[in-house]
Amino acid sequence: MSAPLDELHRQHETNPQPNVSRLNSVGRTVPQSAGSQPHSHLRRLAVVVAEGDLFDAALVALIEGAGYGATLVEPGQIPSLRNPAVLLVRSPGSLAKVRRASMLRNVRVVFLGDGIASRDHIRISPRSPGAESALRQALAAIVGPPDQQSTPHAPADRVRVTEREREILQTYTLGATLRETSQAHQIAESTVREHYRRVVRRYEEAGRPIGNKAQLVLEFMADGWVRP
């Protein structure tokens with residue numbers, strides 16, 4: 001997780017309708033129902049408090065890719081959580097709700113956002129170049145070594161892309177303009193467009209339509225071609 005995640009958030013502000021079916025395949029949201037039992041099955045999971053944007057799925061994908069189990073919960077579910085391995089929050093509002101939950105007083109919290117660090121949580125700036133490494137280190141320190149067996153396998157409908165396509169489209173989908181991408185890779189802008197159209201067409205043929213750059217990078221993360 002690094003500066004590109006900040007770009008995903010910016011893209012979400014202009015297009016707030018993510019591909020919900022793929023979000024569900026990347027991150028699992030624990031259903032909330034009346035009279036449900038405490039979520040004791042989350043004991044060894046990293047729990048991500050959802051904010052309802054593309055970051056939710058990206059963060060879960062990153063944690064799972066690092067070898068840890070992860071799940072999403074709605075902010076309203078915070079009081080019913082029971083001893084998760086670690087809580088990850090991305091907004092001051094969610095952090096305040098976690099602090100008010102007495103049952104979570106001894107649970108370590110990682111706050112992914114800007115602000116002043118506190119003794120009751122670990123703060124990681126998502127804009128920092130070393131954010132992904134810092135998150136991995138925090139998870140290892142809190143949860144323990146990653147379980148390599150829990151790392152998800154590539155999905156059956158994984159769309160193949162070449163290394164060159166991945167390099168160019170990673171630059172383009174994570175915030176660079178056509179001109180910036182062409183300059184970075186020393187190719188024509190028309191070539192960038194052609195790479196984009198070709199890969200989008202493959203996803204469409206696989207039954208995974210792409211509507212914009214934000215959706216393509218989310219599919220890339222689901223397939224393991226791009227790291228959040």
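Hi everyone, let's start in the middle of the sheet: β1 and β3 pair in the parallel sense over 3 bridges. Pairing here takes at least two bridges found by DSSP between two strands, and strands are DSSP runs of E with at least two residues, helices runs of H or I with at least four, both numbered from the N terminus. One contact point of that pairing is Ala 46, which stands opposite Val 86 in β3.

A quick word on the source: this is a predicted model, in which local features need pLDDT of at least 70 and side-chain atom pairs count only at pLDDT 80 or more, while totals for chains, interfaces and linings use all residues. Residues are numbered from 1 along each chain as its sequence is written, and side-chain values use heavy atoms, with hydrogens and water left out.

Now the overall picture. The chain has 9 helices and 5 strands, and along the sequence they come as α-α-β-α-β-β-α-β-β-α-α-α-α-α. Of the 228 residues, 47% are buried; buried means under 20% relative accessible area, exposed means over 50%, and partly exposed is in between, with a 1.4 Å probe and protein chains only. The chain exposes about 11,400 Å², and carbon and sulfur atoms supply 49% of that. Those areas come from the Shrake-Rupley method with a 1.4 Å probe, and for residues only the protein chains shown count as cover. Among contacts with a separation of 6 or more, 62% are between residues 24 or more positions apart; a contact means heavy atoms within 4.5 Å.

Back to the sheet. What is the strand order? It is an open sheet of 5 strands, β2-β1-β3-β4-β5, with parallel pairing. Because β2 (70-73) and β5 (122-124) stand at the edges with a single partner strand each, one side of each has no neighbour in the sheet. On average, neighbouring strands are turned by 25° against each other, direction ignored. For angles in this talk, axes are lines fitted to C-alpha atoms, for helices over the stretch in contact, and values run from 0 to 180 degrees between N-to-C directions.

Let's walk through the pairs. Strand β1 (residues 46-49) runs parallel to β2, joined by 4 bridges. Val 48 has Leu 72 as its bridge partner in β2, and Val 49 has Val 73. Both faces of β1 are covered, with Ala 46 and Val 48 buried on one side and Val 47 and Val 49 buried on the other. In β2, Ala 70 and Leu 72 point one way, Thr 71 and Val 73 point the other way, and all are buried. Further along, β3 (residues 86-89) and β4 (residues 109-112) run parallel with 3 bridges between them, and Leu 87 has Val 109 as its bridge partner in β4.

Helix α5 (residues 131-142) packs on this sheet, where α5 touches β3, β4 and β5, and its direction makes about 160° with that of β5. Ala 140 is found in α5 and counts as partly exposed because its relative accessibility is 36%. Beyond four places in sequence, Ala 140 is in contact with Tyr 68 and Pro 145. Ala 140 and Ala 66 are 74 residues apart in sequence and 9.7 Å apart in space, C-alpha to C-alpha.

And Ser 94, in helix α4 (residues 92-100): is this residue buried or exposed? Ser 94 counts as buried, because its relative accessibility is 3%. Not counting residues up to four places away, Ser 94 touches Val 49, Glu 51, Ile 78 and Val 89.

Last stop, a helix pair. The axes of α7 (residues 178-185) and α8 (residues 189-205) come within 8 Å and cross at roughly 100°. That makes α7 roughly perpendicular to α8, a label for angles of 65 to 115 degrees. Leu 178, Arg 179, Thr 181 and Ser 182 in α7 meet Glu 189, Val 192 and Arg 193 in α8. By class, this contact has 2 nonpolar, 2 polar and 3 charged residues. Here Ala, Val, Leu, Ile, Met, Phe, Trp, Tyr, Cys and Pro count as nonpolar, Asp, Glu, Lys and Arg as charged, and the others, Gly among them, as polar.

One for the torsion fans: Gln 186 lies in the loop between α7 and α8. Gln 186 has a positive phi of about 55° although it is not a glycine. Most residues other than glycine have a negative phi. Gln 186 is exposed, because its relative accessible area is 75%. Thanks, everyone!

Note on methods. Angles under 35 degrees count as roughly parallel, over 145 as roughly antiparallel, 65 to 115 as roughly perpendicular and the rest as oblique.
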